[in-house]
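Hi,

Here is the structure I promised to pass on to you. Have a look at it first, and then read on for what turned up.

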Amino acid sequence: MQLVRGNDAGAVGRGGFVSIGNFDGVHNGHKLLAQKLVDAAVAARVPSVVMTFDPHPIQLLRPDSAPPLLSSIEDRANWLGELGVDVLMAFSTTIEMLALEAAEFFDQVVVGELAAKGMVEGPGFFFGKDRKGNVDVLASLCQDVGVELDIVEPARWDGDLVSSSRIRSSLSDGGDVASAASLLGRPYSVRGVVVAGEGRGRELGVPTANLASISTLIPADGVYVGSVVVDGRPQPAAIHVGSNPTFGETERKVEVHLLAFDGDLYGRELVVEFLDRVRGTRTFESVEQLQEQLSSDIEAVWRYLETHPAATSGTGGGAREEGS
């Protein structure tokens, strides 16, 4: 996989089969598109190219209503690379580009910049100013210049379409990380850097790694079963998202307690997977009540991991240590 940033596809991004979209989260619907794209490109002996937008167009057009991202450009490149895509082009979004009519965008970008031999899109694809270009418009434009076009039917789960917005709703409305995982085809994860906290977790006997610089959507407040890879080994974890109302704190945090690891993680970047939700955030009348609940939460995390052994694979993952 080659990640190309900017508006110059270069030699690696020209003359291939192309799929255009945000691909945020690279969910099961995106995977169907990517597989069809790769198959078509391989058959034609040309590169498979996904073109996405950086930043998301809504961040320029309606910044107040821009949805939180599910993934970084780098994560999308990694996941699409695993599916066999050759190039991810992170196209620099500008107001001038968003002002192009559908035919202008097709001529300048698809034909001029990418020199596409073929395109693969879903039936809900829109492009050009005010999203006036749809798959019918695209089909006509492709036919005029001899570009092949495949329309891939969208993926469905539990009767409804798989979409990034549906995943955001699952995560934000009640922290349904299990449903999000079914839509993504993998556990939802966030990436952050471990910073110094108040040290309260250690005082309570439950030391935590406090994550900062998280640029993607954080699930709803609550306690979760999680997994974190440290030094190449998956480590079972209890995750707390939210404030600490028992201590009068209002700042929203992501705190990760590694159940079977003891070491210094300050300054390190961690990828934290959310596997299941244990409970919502509560205010406790005393520190003793909080400690009792934390003990119960950790037991709930262990029970989940013991009944879902594939959740944290590898040595040390999901295996309860003596004395825990």
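Let me begin with a nonpolar spot: L60, L61 and I95 make up a patch on the surface, and their accessible area comes to about 260 Å² together. Please keep in mind that this is a predicted model. Of these residues, I95 sits in helix α4, which covers residues 95-98. Its relative accessibility is 47%, so I95 counts as partly exposed; the patch takes in residues with over 30% relative accessible area, and I95 passes that cut-off because its value is 47%.

There is also a charged patch on the surface. E101, E104, D107 and D130 come together there, and the charge is negative. D107 belongs to helix α5, which spans residues 102-113. With a relative accessible area of 46%, D107 is partly exposed, so D107 too is over the 30% that a patch residue needs.

Now to the strands, where β11 is a good place to start. Strand β11 runs over residues 222-230, and eight of its nine residues are buried, leaving the strand mostly covered. What does β11 pair with? One partner is strand β12 (residues 233-242), in the antiparallel sense and over nine bridges. Within this pairing, V225 has A238 of β12 as its bridge partner. The two strands form a hairpin, with two residues between β11 and β12. In that turn, D231 has a positive phi of about 55°, so you may like to look at the residue in your viewer.

Another partner of β11 is strand β14 (residues 269-279); here the pairing is again antiparallel, over six bridges. Y224 finds its bridge partner in β14 at R277.

From β14 you can carry on to strand β9, residues 188-195. β9 and β14 are paired in the antiparallel sense, with six bridges, and S189 stands opposite E273 of β14. β9 is also joined to strand β10 (residues 209-212) by three bridges, and these two strands run antiparallel. In that pairing, V195 lies opposite N210 of β10.

If you follow the pairings from one strand to the next, you go from β12 to β11, from β11 to β14, from β14 to β9 and from β9 to β10.

Happy to talk any of this over once you have had a look.

Best wishes

Technical notes
Residues are numbered from 1 along each chain as its sequence is written. This is a predicted model: local features need pLDDT of at least 70, side-chain atom pairs count only at pLDDT 80 or more; totals for chains, interfaces and linings use all residues. Side-chain values use heavy atoms; hydrogens and water are left out. Patches are made of residues with over 30% relative accessible area and no salt bridge: like charges are joined within 9 Å, nonpolar side chains (Val, Leu, Ile, Met, Phe, Trp, Tyr) within 5 Å. Accessible areas come from the Shrake-Rupley method with a 1.4 Å probe; for residues, only the protein chains shown count as cover. A salt bridge is a side-chain nitrogen of Lys or Arg within 4 Å of a carboxyl oxygen of Asp or Glu. Lys and Arg count as positive and Asp and Glu as negative; His and the chain ends are not counted. The place of a charge is taken as NZ of Lys, CZ of Arg, CG of Asp or CD of Glu. Helices (H or I, at least four residues) and strands (E, at least two) are DSSP runs, numbered from the N terminus. Buried means under 20% relative accessible area, exposed over 50%, partly exposed in between (1.4 Å probe, protein chains only). Two strands pair if DSSP finds at least two bridges between them.
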